[in-house]
Amino acid sequence: MTFDDFACVQSRRRFLQSVTAGVSTAALAHLLGVEGRTAATGLPNTDPMAPRAPHYEPRAKSVILLYMSGGVSQLDAFDPKPGLRKWHGKPLPPSMTKDLKLAFIKPNAKIMASNARFGRHGQSGMEFSGLVPNLAACADDICMIRSMNTEAFNHDPGVLLLTTGHTQFGRPSMGAWATYGLGSESQDLPGFVVMGSGNGPNGGSNIWGNGFLPSSYQGTRFRTTGEPILYLSNHDGVSSELQRARLDAIRRLNRKRFQDTGDLEIAARINSYELAFRMQAAAPELLDFSNEPEYILDSYGVNKEPTHTYATNCLLARRMVERGVRFVMLTHGNWDAHKEIDKNHGENFAIVDRPTAALVKDLKQRGLLDSTLVIWSSEFGRTPMIQLDRDDEAAGRDHHPDCYSLWLAGGGTKPGVVVGETDDIGLKTVKDQVHVHDLQATILHCLGFDHERLTYRHMGRDFRLTDVGGKVVDKLLA
């Protein structure tokens, strides 16, 4: 072929475009190959949720995050402080409160002792209040942290720091990081699922968003009544066969476009269509509890009030990790007890105590607790000082970021231990402070990741869940 003949079918601009695209696609394929993200054929791995190996042998394969929205009082549930009685009704001296960050009350607010009664449970002798009798029965399976610390003393920044590692919007959530790093073992369900009960969570959808990670890694919100995902089922008159034929046609068009451009977003779109089709069969089966023994439904409180919705979510969480879902997030609120804390916490613990304990016991009985990391946490705790200047049932507590409690179970954590200690009134940490970034580093460690190496390049630098801090807390690990 002469040059004139070639010019008839290929302009100079078209030729340069094709050469440039070919070189850039080959370079991208090479980089993806170095990261282990390409298939054996050398083509890009078009399934963003394909299982991937972590940095080292993981302790946990999946995570269930139970987020209690609003700020649970550690002083009324997990961290007994009989010393509060000595100060009850009195203000603390300025020397003890000068560095406190408080959302609403003044540092000279009066101390309020807890009305909850605490007792020791299990062989470990871990202390719980009477608000959580069912959870207390799991004492020997729980790893309690009483020295959590965060910089954020308001709700949205607090939960963003807990779930995304930063107080600003736009960062990937913990579940997005987990699925970005590991993919998912489920072929028929999303790798990251979110369910809620009670009031909507602080932070909204940002706490399960993908941030600057590809959209494949954002959480998928499930409903527990009706269709689990809106618009998932076919319209009347659209059979499964017709739907399959339609998807096959769309797939051929997308495949042709992918072959022309090498655009990975097109490849991801192909997989999202296919996942949606498989979910049309998998999601209804997931929600069908007819094969669950009656004693399991009773243990969770699925068929009773006030536990029904939260219990259903807990049971679904167990069924999801059984089916290979990587990260399940349950939210429940509202715990923001600036007033009537006894009423607020009494009602909320009546909802979550029994189902949460049943989840831990059920996972353990099925041999899933070793490979499933359960996390129960709020965005911060509550102050030993009273919110209202009165000593009756209307009293509440303010936000307290300096020291609060949360617990972990399974997934390689050490059972039956308490890490960290606060002072006599629960105002400050005196031993083994654990920052939110330390918790996140430890969670990623349980999943098999070095938190400093699980990164994503965005706007010219490498980002990670733990921002620029965090260390693994060895005392939490078995």
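# A walk through a predicted protein model

The protein has 13 helices and 17 strands, and the model that shows them is a predicted one. Of its 478 residues, 51% count as buried, while the surface that the protein exposes comes to about 21700 Å², with carbon and sulfur atoms supplying 51% of that area. If we take the contacts in the protein with a separation of 6 or more, residues 24 or more positions apart account for 77% of them.

Since the model is predicted, it helps to look at the confidence before the details. The mean pLDDT of the protein is 86, and 80% of its residues reach 70 or more. Two stretches call for caution: over residues 1–10 the pLDDT is below 50, and this stretch has 4 contacts in the model beyond near neighbours in sequence. Over residues 29–43 the pLDDT is likewise below 50, and here the model has 14 contacts beyond near neighbours in sequence.

A good place to begin the tour is strand 1, which covers residues 62–69 and includes L65. L65 counts as buried because its relative accessibility is 2%, and buried means under 20%. Along the sequence L65 and M329 are 264 residues apart, yet in space their C-alpha atoms are 4.7 Å apart. M329 is also among the residues that L65 touches, and leaving out residues up to four places away in sequence, the others are T163, F327, V328, L330 and I375.

One of those contacts, T163, leads us to helix 6, in which T163 is one of the buried residues. Helix 6 is mostly covered, with 8 of its 10 residues buried, and those eight are H155, G158, V159, L160, L161, L162, T163 and T164. What do the buried residues of helix 6 pack against? They pack against strand 1, where our tour began, and also against helix 7, strand 7, strand 8 (372–377), strand 10 (397–400) and helix 13. Just after helix 6 comes G165, which takes a positive phi of about 85°.

The pairing of helix 6 with helix 13 deserves a slower look. Two packed helices are described by the angle between their axes and the distance between the axes. For helix 6 (residues 155–164) and helix 13 (residues 436–446), the angle is about 30° and the axes are 9 Å apart. That angle makes helix 6 roughly parallel to helix 13, because angles under 35 degrees count as roughly parallel. On the side of helix 6 the contact is made by L161, L162, T163 and T164, and on the side of helix 13 by V436, H437, L439 and Q440. Sorted by class, the contact has 4 nonpolar, 4 polar and no charged residues.

From helix 6 we can move on to helix 7, which spans residues 174–182 and has 9 of its 9 residues buried, so that helix 7 is largely enclosed by the rest of the structure. The buried residues are M174, G175, A176, W177, A178, T179, Y180, G181 and L182. Their cover includes helix 6 and helix 13, together with strand 5 (192–198), strand 7, strand 16 (456–458) and strand 17 (461–463). Just after helix 7, G183 takes a positive phi of about 70°.

Another buried position to visit is M126 in strand 3, which runs over residues 126–129. M126 counts as buried because its relative accessibility is 2%. Setting aside neighbours within four places in sequence, M126 is in contact with G119, R120, H121, A139, I142, M144, G416, V417 and V418. M126 and C143 are 17 residues apart in sequence, and their C-alpha atoms are 9.6 Å apart in space.

The tour ends in the loops, with some details of the backbone. The peptide bond from E305 to P306 is cis, with omega near 10°, and P306 lies in the loop between helix 10 (294–300) and helix 11 (308–322). E340, although not a glycine, has a positive phi of about 50°; this residue sits in the loop between strand 7 (327–333) and helix 12 (341–365). Is E340 buried, partly exposed or exposed? With a relative accessible area of 33%, E340 is partly exposed. D432 is likewise not a glycine and has a positive phi of about 55°, and its loop joins strand 14 (429–431) and strand 15 (434–435). At 30% relative accessibility, D432 also counts as partly exposed.

How values were computed:
Residues are numbered from 1 along each chain as its sequence is written. This is a predicted model: local features need pLDDT of at least 70, side-chain atom pairs count only at pLDDT 80 or more; totals for chains, interfaces and linings use all residues. Side-chain values use heavy atoms; hydrogens and water are left out. Helices (H or I, at least four residues) and strands (E, at least two) are DSSP runs, numbered from the N terminus. Buried means under 20% relative accessible area, exposed over 50%, partly exposed in between (1.4 Å probe, protein chains only). Contact means heavy atoms within 4.5 Å. Accessible areas come from the Shrake-Rupley method with a 1.4 Å probe; for residues, only the protein chains shown count as cover. Axes are lines fitted to C-alpha atoms, for helices over the stretch in contact, and angles run from 0 to 180 degrees between N-to-C directions. Angles under 35 degrees count as roughly parallel, over 145 as roughly antiparallel, 65 to 115 as roughly perpendicular and the rest as oblique. Ala, Val, Leu, Ile, Met, Phe, Trp, Tyr, Cys and Pro count as nonpolar, Asp, Glu, Lys and Arg as charged, and the others, Gly among them, as polar. pLDDT is the predictor's confidence in each residue, from 0 to 100.
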